[in-house]
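Visitor: I am new to this structure. Please choose one part and take me through it closely, along with whatever surrounds it.

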Amino acid sequence: MTENDATLILPTVTAEGAADDTAVFARVAESPEADAGPRALIELDGVGMTYPGPPPVEALKPVRLTVADGEYVAIVGPSGSGKSTLLNLLGLLDAPTSGTYWLDGHDTSAMKESMRTRLRADKIGFIFQSFHLMAHRTATENVAMSLVYQGIPRRRRRQIAREKLELVNLGHRLDALPTTLSGGERQRVAIARALAAEPSLLLCDEPTGNLDSHTAEAVLATIDELHAGGLTVLMITHDHDVAERAQRAVTIRDGELREGNHVGAPAEAP
Ligand SMILES: Nc1ncnc2c1ncn2[C@@H]1O[C@H](COP(=O)(O)OP(=O)(O)OP(=O)(O)O)[C@@H](O)[C@H]1O
Ligand SMILES: [Mg+2]
């Protein structure tokens, strides 16, 4: 599975899958959580990934990682260290070859693919280095399209799209085609799209990799604001300046995770 596959960004719940799992999902979603301390949104226990090859590649060694609801965590590491592998696992785009991943209290390892797809559409927004916008659709249409599979009527989809575009300061470019937008504006359309379904988690894979430093700053400021508004952010980057903005940095090297020093604003004491 590659990060360039634009279709991954859009939820693809089939009518069949939704019918199969709706009852189960509703039951799980309603189960009350213990109210002690900050809730873990992400919990990885022994999660590892070995690509089958040949030869097999152990891209992620079994890791333990907890991200609290509302946290902003950076994952920093050089090229080939396993960052996208980890993001694909966290985003339920791939299943780990070992360990258990709880997302918002749901054990995702035991889930059928259709249920994982549904959970992904419900909880996770993605932004990548490339914006993956549909070239012949306006900014509003690009955002609204992401809600097609959620069963939301067209008018409401467009209304949500406009609201999200306004949130990322693109209210004046609602009808613009991507080719007429700057790189930073395109990435903000992609952020609006990631936010359309009100996710709990924003997964970012080098979102400023294609942007000049001034434009990157504006995109990162938008992400800062979303975090301040309560969104949990996981930022994958090889850039230490980008990682500085997070509350906590975790380094990854040769598929091995290590908790780094706290950077940026101090996280709450455990
Ligand atoms: N589908 C695959 N099959 C086999 N090996 C893979 C596959 N995808 C990635 N790898 C290998 O797993 C390791 C981690 O790759 P990954 O894409 O996670 O790195 P990364 O940290 O995201 O790198 P970059 O910063 O260049 O994007 C690399 O050695 C890579 O070659
Ligand atoms: Mg990568």
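Guide: Begin with one cut-off. A residue counts as buried if 20 or more other C-beta atoms lie within 10 Å of its own. His132 has 21 C-beta neighbours inside 10 Å, so His132 is buried. The model is predicted. Keep the cut-off in mind, and turn to the part I have chosen: helix H2, residues 83–90.

Start with the ligand. The shell around ligand 1 holds Tyr51, Val57, Ala59, Gly77, Ser79, Gly80, Ser81, Gly82, Lys83, Ser84, Thr85 and His238. Two elements give two or more residues to this shell: strand E2 (57–68) and H2. H2 gives the most, with three residues. By class, the shell has eight polar, three nonpolar and one charged residues.

Now look at what H2 lies against. There are two sheets to visit.

Take the four-stranded sheet. Its strands form an open sheet in the order E2-E1-E4-E5, and the pairing is antiparallel. The edge strands are E2 and E5, each pairing on one side only. H2 lies across E1, E2 and E4. The helix runs at about 125° to E1.

Look inside that sheet. E1 covers residues 40–51, and E4 covers residues 98–103. Five bridges join these two antiparallel strands. Ile42 stands opposite Leu103 in E4. Gly48 has Ser98 of E4 as its bridge partner. Next comes E5, residues 106–107. Two bridges link E4 to E5, and they run antiparallel. Trp102 has Asp107 of E5 as its bridge partner. E4 and E5 form a hairpin, with two residues between them. Asp104 sits in that turn and has a positive phi of about 50°.

Between E1 and E2 there is a loop worth a stop. Pro54 lies in this loop. Pro55 is found there too. The peptide bond from Gly53 to Pro54 is cis, with omega near 10°. The bond from Pro54 to Pro55 is cis as well, with omega near -10°. For background, most peptide bonds are trans.

Now the six-stranded sheet. It is open, with mixed pairing, in the order E6-E7-E8-E3-E9-E10. Strand E6 (124–128) and strand E10 (256–259) stand at the edges. Each has a single partner strand, so one side of each is left without a neighbour in the sheet. From one strand to the next, the twist averages 20°. H2 packs on this sheet, touching strand E3 (72–76), E7, strand E8 (232–237) and strand E9 (248–253). The direction of H2 makes about 155° with that of E7.

E7 is worth following to its neighbour. E7 covers residues 201–205, and five bridges join it to E6. E6 and E7 run parallel. Ile124 has Leu201 of E7 as its bridge partner.

Loops follow these two strands in the account. The loop between E6 and helix H4 (139–145) holds His132. His132 has a phi near 55°, positive in a residue other than glycine. The loop between E7 and helix H7 (213–228) holds Glu206. Glu206 has a phi near 50°, again positive in a residue other than glycine. Is Glu206 buried or exposed? Glu206 is buried, because it has 20 other C-beta atoms within 10 Å.

What about the nonpolar core? The largest one has 70 residues. Those with the most contacts inside this core include Leu203, Cys204, Val233 and Leu234. Helix H6 (residues 183–195) gives the core its largest share, six residues. Cys204 makes a good sample. Leaving out residues up to four places away in sequence, Cys204 touches Ile127, Ile223, Val233, Leu234, Met235 and Ile236. In soluble globular proteins, nonpolar side chains tend to be buried together.

Step back to the whole protein. It has eight helices and 10 strands. Of its 270 residues, 41% are buried. Among contacts with a separation of 6 or more, 71% come from residues 24 or more positions apart.

To close, return to H2. The helix gives three residues to the shell around ligand 1. It lies across E1, E2 and E4. It also packs on the six-stranded sheet, touching E3, E7, E8 and E9.

Key: Residues are numbered from 1 along each chain as its sequence is written. Chains are lettered from A and ligands numbered from 1 in the order in which they are written. This is a predicted model: local features need pLDDT of at least 70, side-chain atom pairs count only at pLDDT 80 or more; totals for chains, interfaces and linings use all residues. Two strands pair if DSSP finds at least two bridges between them. A residue is near a molecule or strand if its C-beta atom, placed from the backbone, lies within 6 Å of it. Ala, Val, Leu, Ile, Met, Phe, Trp, Tyr, Cys and Pro count as nonpolar, Asp, Glu, Lys and Arg as charged, and the others, Gly among them, as polar. A nonpolar core is a set of buried Ala, Val, Leu, Ile, Met, Phe, Trp, Tyr and Cys residues joined through C-beta atoms within 7 Å. A residue is buried if 20 or more other C-beta atoms lie within 10 Å of its own, exposed if 12 or fewer, and partly exposed in between; C-beta atoms are placed from the backbone. Two residues are in contact if their C-beta atoms, placed from the backbone, lie within 7 Å. Axes are lines fitted to C-alpha atoms, for helices over the stretch in contact, and angles run from 0 to 180 degrees between N-to-C directions.
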